[in-house]
Amino acid sequence: MVDTANPGGAAPALLAPGRLLIDGAWVDAADGATLTAFNPATGAPAAVVAEAGPEDVDRAVRAARAAFDEGPWTRMQPAARERLLLRLADLIEAEAGEIARIETLNQGKPLSISKGDAARGAATFRYFAGWITKAGGRTLPVSPPNGHAPLVYTRPEPVGVVAQIIPWNFPFAMACRMLAPALAAGCCVVLKPAEQTPLTALLLGELLVKAGIPAGVVNILPGHGRRAGEALVRHAGVDKIAFIGSTAVGKQIAAVAGAQMKRVSLELGGKNPAIAFADADPRKVAAWAANAIFFNAGQVCTSASRLYVHDAVYEPVMEALVELAGRLVVAPGNEPTAAMGPLVSRDHLARVSGYVDQAREAGARLLAGGGRPGALPAGTEDGYFFAPTIFCDVPESARLLREEVFGPVLAVSRWSDEGQVIAAANDTQYGLAAGMFTQRLATAHKAAAALKAGIVWVNAFNILDPSAPFGGMKQSGIGRDLGEEGLLEYLETKTVWVDLDQ
Ligand code: NAD
């Protein structure tokens, strides 16, 4: 890797390869192509790494295929595979500081979040390592018409070679969230990180090699979606595609998967509602709501971008919320005081700004933010910063109410009728997450059942755990990550009939 942030200096030791990981070796792209990763806080290049093209994809899929069909991974004893994933989790923890530093350099998020992402990555590998020695089949009490009493049992078997494609908002945590269940199931993987954020996936590759994961079991290919991504999705050697990203790209991938009858799981976008009921504590609502939209600069698929506040608590909630937005420290992620960093890229900054301009033109009332924050340190003039932004009175026609902005931009609505607010919350093509704030048990459980979302939080938002299934309804995706459901996405069920009366 060329460390352009530190010209002439040594590249970070662990990132030395900066190349593609194919069949256990670090190699340049077949055509010598490279891509530049930027530092979102300054807009300056951070590093240059190899960029995979179709030929590299082909080599990586072949390596994964060979590792799956002939290699040791599927034949290894479950306890031995478990030990390898636990060793990997230990290595992630040992390198958490470096992982966090690189994540912040390339993604922009505050170091505190990057550290949490590294810890989450290790926890995810530990959680799925545990399943390896526990996920077994069943014997089934069948009653066949011939009166025999056969032995019928199921065998969970790995799906095979998996193409995994991830976005740029949690590059390290997403790579772990994808790889851990696939490896626990016994699959072999080609992972493509987002073109904006390749660095911590390469770092994870270093740790996989160091942990002793056999060659070809995990291949890592930084590259562009339209080039490496499409080649990977279409490759005949791939049995399953696991994708985290936008609904638009998810639909294209689903179409290819359908035509080729590949297994597919999709974690897509969201336009997630949070509802404050009349009995909610206004200060707690404001604190949770601010965190739910401004955490990771709103670049979270489960962020609460629509907040519905009951008439009875509207004024105090808004007062506290606007105050919190004004006080939030927006700064480069490596500043110790930073609560919110820049957006990930120049393109994304333009996209978020476009939604805000359109909402203003449509007549929405701006209560906070709306552009570049005022107080930023010198050297960040070309960084991709956007202030925590709150709108109210957003007209139905504004795209802000319907489309995923994926930035720190909140639309607040006032309500008084419970039936209407649930209908408004559900009036979206998405169905990823939803939340509510109330002390009344009956209200909470009724609303939890009525909200059309894969995840519902009560008096909380955006809390995850490796053991809790994660995923969406409607156009927010197909399938679930994490939890037992996340493991099952990488297993096929084989049913074996043995007639014992022959
Ligand atoms: P994106 O869909 O543009 O890109 C995601 C990944 O897909 C990248 O690696 C990209 O290179 C690749 N890609 C792009 N076009 C491709 C193609 N034609 N074929 C194959 N691969 C292709 O999304 P993004 O803008 O990078 O990420 C933001 C989106 O991701 C948001 O919509 C967000 O909601 C979603 N997301 C969802 C979850 C979830 O778990 N539901 C989590 C994080 C992000």
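How far is an oxygen atom of the ligand from an N or O atom in the side chain of Trp168? In this predicted model, the separation between the two is 2.8 Å. Two further polar pairs involve oxygen atoms of the ligand. An N or O atom in the side chain of Glu404 is 2.5 Å from a ligand oxygen atom, and a polar backbone atom of Gly225 is 3.2 Å from an oxygen atom of the ligand. On its own, the ligand has 840 Å² of accessible area, of which the protein covers 90%.

The ligand occupies the space of the largest pocket. Several elements give two or more residues to the surrounding shell, namely helix H5 (171–185), helix H7 (225–234), strand E9 (240–244) and helix H8 (247–260). Of the elements, H7 gives the most, contributing four residues.

In total, 29 residues surround the ligand. The closest are Ile166, Glu195, Ser246, Leu268 and Glu404; Glu404 is also the residue whose side chain provides the N or O atom at 2.5 Å from a ligand oxygen atom. Divided by class, the shell holds 15 nonpolar residues, alongside seven polar and seven charged ones.

Both domain 1 (77–268 + 477–494) and domain 2 (272–465) take part in the shell around the ligand, each supplying at least three residues.

Key
Residues numbered from 1 in each chain as written. Predicted model: local features only at pLDDT ≥ 70, side-chain atom pairs only at ≥ 80, totals over all residues. Heavy atoms only, no water. Near = heavy atom within 4 Å. Polar contact = N/O pair within 3.5 Å; in protein donor to acceptor, adjacent residues only side chain to side chain. Areas by Shrake-Rupley, 256 points an atom, 1.4 Å probe, with all protein chains shown as cover. 1 Å grid on protein atoms, 1.4 Å probe; cavity = no way out; pocket = protein on both sides within 12 Å on 5 of 7 lines; lining within 4 Å. Sits in = over half its atoms within 2 Å of the grid points. Nonpolar A, V, L, I, M, F, W, Y, C, P; charged D, E, K, R; others polar. Domains from an automatic or database assignment.
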